[in-house]
Amino acid sequence: MHPLITQAHIDTFQQDGVVLIKGLFKAELDLIRSGIELNMQTPGPYAAENLSKGDTGRFFDDYCNWSRIPQFESVIRYSAAAEVAADLMKSQQVQIFHDHVLVKEPGTTKATPWHQDGPYYFVDGCQNVSFWSPMDPAKSNSLRCVAGSHLWDKQVLPTRWLTDTSFYPDDKNYMPVPDPDRQNMDIKEWEMEPGDAVAFNYGILHGARGNSTEHRRRAFSLRFVGDDARYIERPGPTSPPFPEHNMLTGQCLREDWFPIVFQR
């Protein structure tokens, strides 16, 4: 077990699907911040500006850039994140799925909508974990997660953030997006310092408020999968799409695209 976590972290992650890891990326803050700036200066093909008409500020996000941004690759391969992921997932090996950058500039009114990551992905399996880490103090604008939502019988409908339309043509297999505040769900939310990380399962319902502060809120995420990860066909293009991956249902994720970054 990595010294950054305890058995209590693992037990909480297994039960609630979400847990706070203090200081996970504290040693990599300058590296990640530098990588985010490079990412924003040279966006990738999946970069998006997420403001609707009438919104203020700026909400930038981009993903799948680790293979072209050396700072991100260094964090993936040499930080504690992959080993901590193995501990939380109870997995013998860890593959990187992808990285994700989300930046809300001061005065950004747009909230990150409530969603589960799993329905967007072509990954099946229980052993997975996302780390969400702010690069700036996050008090009123940190991640919000509904404890236990990874165990719900039905997944939440994946939607497009700007249009609020269904991501797949057939949404009968999914439940409508709930309103956790109105429905009095068990929302976990922490005041976070730069380098702290929320670890959560792909099935956890999560979102974030806008950034009403006078400071930037830069967030960096890494998504990992474990031993039981398998490719699953979805009813339409996934997000990220990973075009021409050539995997078939039930196969392990190809290691040339999704390298093993930790193994016991």
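A pocket here is an open set of grid points where a 1.4 Å probe fits, with protein on both sides within 12 Å along at least five of seven lines. The model described below is a predicted one.

## Pockets

The largest pocket holds about 570 Å³ of space. Its lining counts 29 residues, and those closest to the centre are Asp61, Tyr63, His100, Trp161 and Ser239. Five strands each give two or more residues to this lining: β3 (59–63), β4 (93–104), β5 (112–115), β11 (206–208) and β12 (217–225).

The second largest pocket has a volume of about 460 Å³. Nearest its centre lie Gly125, Cys126, Asn128, His150 and Asn201, out of 23 lining residues. Here the elements that give two or more residues are α1 (7–16) and β6 (123–124).

The table sets out the make-up of both linings.

| Pocket | Nonpolar residues | Polar residues | Charged residues |
|---|---|---|---|
| Largest pocket | 14 nonpolar | 10 polar | five charged |
| Second largest pocket | eight nonpolar | 11 polar | four charged |

## Nonpolar cores

The largest nonpolar core has 39 residues. Which of them touch the most other members? They are Leu88, Phe131 and Phe224. Helix α4 (residues 81–89) supplies the largest share of this core, seven residues. A second, separate core holds 33 residues, including Cys64, Tyr121, Val198 and Phe258.

Leu88 has a wide set of contacts beyond its neighbours within four places in sequence. They are Ile5, His9, Ile10, Phe13, Gln14, Val19, Val129, Phe131 and Ala199.

## Helix α4 and the residue after it

Helix α4 is mostly covered, with eight of its nine residues buried. The buried ones are Ala81, Ala82, Val84, Ala85, Ala86, Asp87, Leu88 and Met89.

Just after α4 comes Lys90, with a positive phi of about 60°. Lys90 sits in the loop between α4 and β4. Is Lys90 buried or exposed? Lys90 counts as exposed because its relative accessibility is 53%, and the cut-off for exposed is over 50%.

## Strands β1, β10 and β7

Strand β1 (residues 18–21) is covered on both faces. Val18 and Leu20 are buried on one side, and Val19 and Ile21 are buried on the other. Strand β10 (residues 197–200) runs antiparallel to β1, and four bridges join the two. Leu20 has Val198 as its bridge partner in β10. Val19 has Ala199 as its bridge partner there.

In β10, Ala197 and Ala199 point one way, while Val198 and Phe200 point the other way. All four are buried.

Strand β7 (residues 128–134) also pairs with β10, in the antiparallel sense over three bridges. Which residue of β10 is the bridge partner of Phe131? The partner is Ala199. Ala199 is also the bridge partner of Val19, and Ala199 is in contact with Leu88. Val198, the partner of Leu20, is a member of the second core.

## A buried asparagine

Asn39 belongs to helix α2 (residues 29–41). Why does Asn39 count as buried? Its relative accessibility is 0%, and buried means under 20%. Asn39 touches Gly44, Phe60, Asp62, Asn65, Arg68, Ile69, Phe72 and Val101, leaving out residues up to four places away in sequence.

## Backbone exceptions

Most residues other than glycine have a negative phi, and most peptide bonds are trans. A few places in this model depart from that pattern.

Ser239 and Pro240 are joined by a cis peptide bond, with omega about 0°. Pro240 lies in the loop between β13 (230–231) and β14 (260–263). Ser239 is one of the residues closest to the centre of the largest pocket.

Phe242 is placed in the loop between β13 and β14. Phi of Phe242 is near 45°, a positive value in a residue other than glycine. Phe242 counts as buried because its relative accessibility is 12%, under the 20% cut-off.

Lys90 also has a positive phi, near 60°, and is not glycine. Lys90 counts as exposed, whereas Phe242 counts as buried.

Note on methods:
Residues numbered from 1 in each chain as written. Predicted model: local features only at pLDDT ≥ 70, side-chain atom pairs only at ≥ 80, totals over all residues. Heavy atoms only, no water. Core = buried A, V, L, I, M, F, W, Y, C linked by side-chain atoms within 4.5 Å. Buried < 20%, exposed > 50% of the residue type's maximum accessible area, 1.4 Å probe, protein only. Contact = heavy atoms within 4.5 Å. 1 Å grid on protein atoms, 1.4 Å probe; cavity = no way out; pocket = protein on both sides within 12 Å on 5 of 7 lines; lining within 4 Å. Points joined across faces, edges and corners; volume = space filled by probe spheres on them. Nonpolar A, V, L, I, M, F, W, Y, C, P; charged D, E, K, R; others polar. Pairing = 2+ DSSP bridges.
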